[in-house]
Amino acid sequence: MRKSHPVRRVVLATAATVSGVVLILSLKPSSDPASAQAGGIPQQTAAAQESAQGGTGAAAGGTVTGDVVQTQYGPVQVRITVSGNQITKSEAVQAPKGGESDAKTALSVPKLNQAVVTKQSPQIDSVSGATYTSEGYKKSLQSAIDKANEAASQAQPSAQPSQTAGGGGGGGAAAAKTVTGAVSQTQYGPVQVRITVAGGKITKAEAVQAPKGGTSDQKTALSVPKLNQEAVAAGSADIDSVSGATYTSEGYKKSLQSALDQAGG
């Protein structure tokens, strides 16, 4: 009987090892792509769901863009997002640019955006050093608010039958809406009132514009909170003027009546 040669055994062992490695490598590529594909499908689905949710959120947020306002240094245009009768975001989609305007825009626009969300009205202070941009911003902002109010009033007919048919608290809550009255010019400045109406009653009243500067600041601070409270209590514009703030009171009542007329009350 022959003895197997040592060299031949080494060659056979090496060949077997190489064959095993080749077999493992040949199986690996076929499993990796399948694994990657399986992992990729849930990611795509999640991304699609996130995109859909984002679109729904934007629609529910009520994004409205105001008119373009031409200023001495360029156009200004404001876009707001409204949710639950509150301005949740304000931004300038157009603002003066080029030269010194770049610095003024960078200084003023962030402050104006923040002031809108804080005060919830176009009655915000102009930024020092950027008067033209500030005024253009406020005009475009007012335009956006007017458009938002108009859209809310157009949705009123669909809400009214629900309120009438329900006759309960649920129908009144569903029909709640916010209406801004016309600006009433007084001797000391403009007055504008915004009300929230639900179930045929005024649930909230506020002055989005009121005289300011000098003694007007004190008179406004004294009279407006009282007028707001009386408007809710009376449910009408038939309220008493505040002593010492007659002009503001009269302007308030005129704008309040305008809001009530728009609300159908």
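**Figure 1. The whole chain, with its 7 helices and 8 strands.** This is a predicted model, so let us begin with the overall picture. The protein has 265 residues, and 34% of them are buried. Contacts between residues 24 or more positions apart account for 45% of those with a separation of 6 or more. The exposed surface comes to about 15600 Å², with 56% of it supplied by carbon and sulfur atoms.

**Figure 2. Where the predictor is confident, and where it is not, by pLDDT.** The mean pLDDT of the protein is 76, and 69% of its residues reach 70 or more. Strand E2 (residues 69–71) has the highest confidence, at 94, while helix H1 (residues 6–61) has the lowest, at a mean of 40. Within residues 14–60 the pLDDT is below 50, and this stretch has 2 contacts in the model beyond near neighbours in sequence. Please look at residues 158–174 with similar care: pLDDT stays under 50 there, and the model has 8 contacts for them beyond four places in sequence.

**Figure 3. The largest nonpolar core, a set of 17 residues.** Ile-195, Ile-202, Ala-205, Tyr-252, Leu-256 and Leu-260 touch the most other members of this core. Strand E7 (189–198), strand E8 (201–209), helix H6 (215–234) and helix H7 (246–263) each supply at least two of its residues. The biggest contribution is from H7, which gives 5 residues. For a closer look at one member, follow Tyr-252: its partners beyond four places in sequence include Val-191, Val-193, Ala-205, Leu-227 and Ala-231. Glu-206 and Asn-228 are also among the residues that Tyr-252 touches. A second, separate core holds 14 residues, among them Val-64, Val-76, Ile-80 and Leu-141.

**Figure 4. Thr-178 and its surroundings in strand E5.** Strand E5 covers residues 177–180, and Thr-178 is found in it. Thr-178 has a relative accessible area of 10%, which is under the 20% limit, so this residue counts as buried. Its side chain makes a polar contact of 3.2 Å with the side chain of Thr-196. Leaving aside residues up to four places away in sequence, Thr-178 touches Asn-85, Asn-149, Arg-194, Ile-195 and Thr-196. One of these neighbours, Ile-195, will be familiar from the largest nonpolar core.

**Figure 5. Tyr-73 and Tyr-132, an edge-to-face pair.** The model contains 2 aromatic pairs, and here is one of them. The ring centres of Tyr-73 and Tyr-132 are 5.5 Å apart and the planes lie at 65°, so the pair is edge-to-face. Tyr-73 lies in the loop between E2 and strand E3 (74–83), whereas Tyr-132 is in helix H3 (residues 131–154), so the pair ties together parts that are 59 residues apart in sequence. Tyr-73 is partly exposed, with a relative accessible area of 42%. Tyr-132 is partly exposed too, at 44%.

**Figure 6. Tyr-188 and Tyr-247, another edge-to-face pair.** The rings of Tyr-188 and Tyr-247 have their centres 5.5 Å apart, and their planes meet at 70°, so this pair is edge-to-face. Tyr-188 sits in the loop between strand E6 (184–186) and E7, and Tyr-247 belongs to helix H7; the pair therefore ties together parts 59 residues apart in sequence. The relative accessible area of Tyr-188 is 41%, so this residue is partly exposed. Tyr-247, at 44%, is likewise partly exposed.

Methods: Residues are numbered from 1 along each chain as its sequence is written. This is a predicted model: local features need pLDDT of at least 70, side-chain atom pairs count only at pLDDT 80 or more; totals for chains, interfaces and linings use all residues. Side-chain values use heavy atoms; hydrogens and water are left out. Helices (H or I, at least four residues) and strands (E, at least two) are DSSP runs, numbered from the N terminus. Buried means under 20% relative accessible area, exposed over 50%, partly exposed in between (1.4 Å probe, protein chains only). Contact means heavy atoms within 4.5 Å. Accessible areas come from the Shrake-Rupley method with a 1.4 Å probe; for residues, only the protein chains shown count as cover. A polar contact is a pair of N or O atoms within 3.5 Å; within protein, one must be able to donate a hydrogen and the other to accept it, and residues adjacent in sequence count only if both atoms are side-chain atoms. A nonpolar core is a set of buried Ala, Val, Leu, Ile, Met, Phe, Trp, Tyr and Cys residues joined through side-chain atoms within 4.5 Å. pLDDT is the predictor's confidence in each residue, from 0 to 100. Rings of Phe, Tyr and Trp (its six-membered ring) pair if their centres lie within 6.5 Å; planes under 30 degrees apart count as stacked, over 60 as edge-to-face and the rest as tilted.
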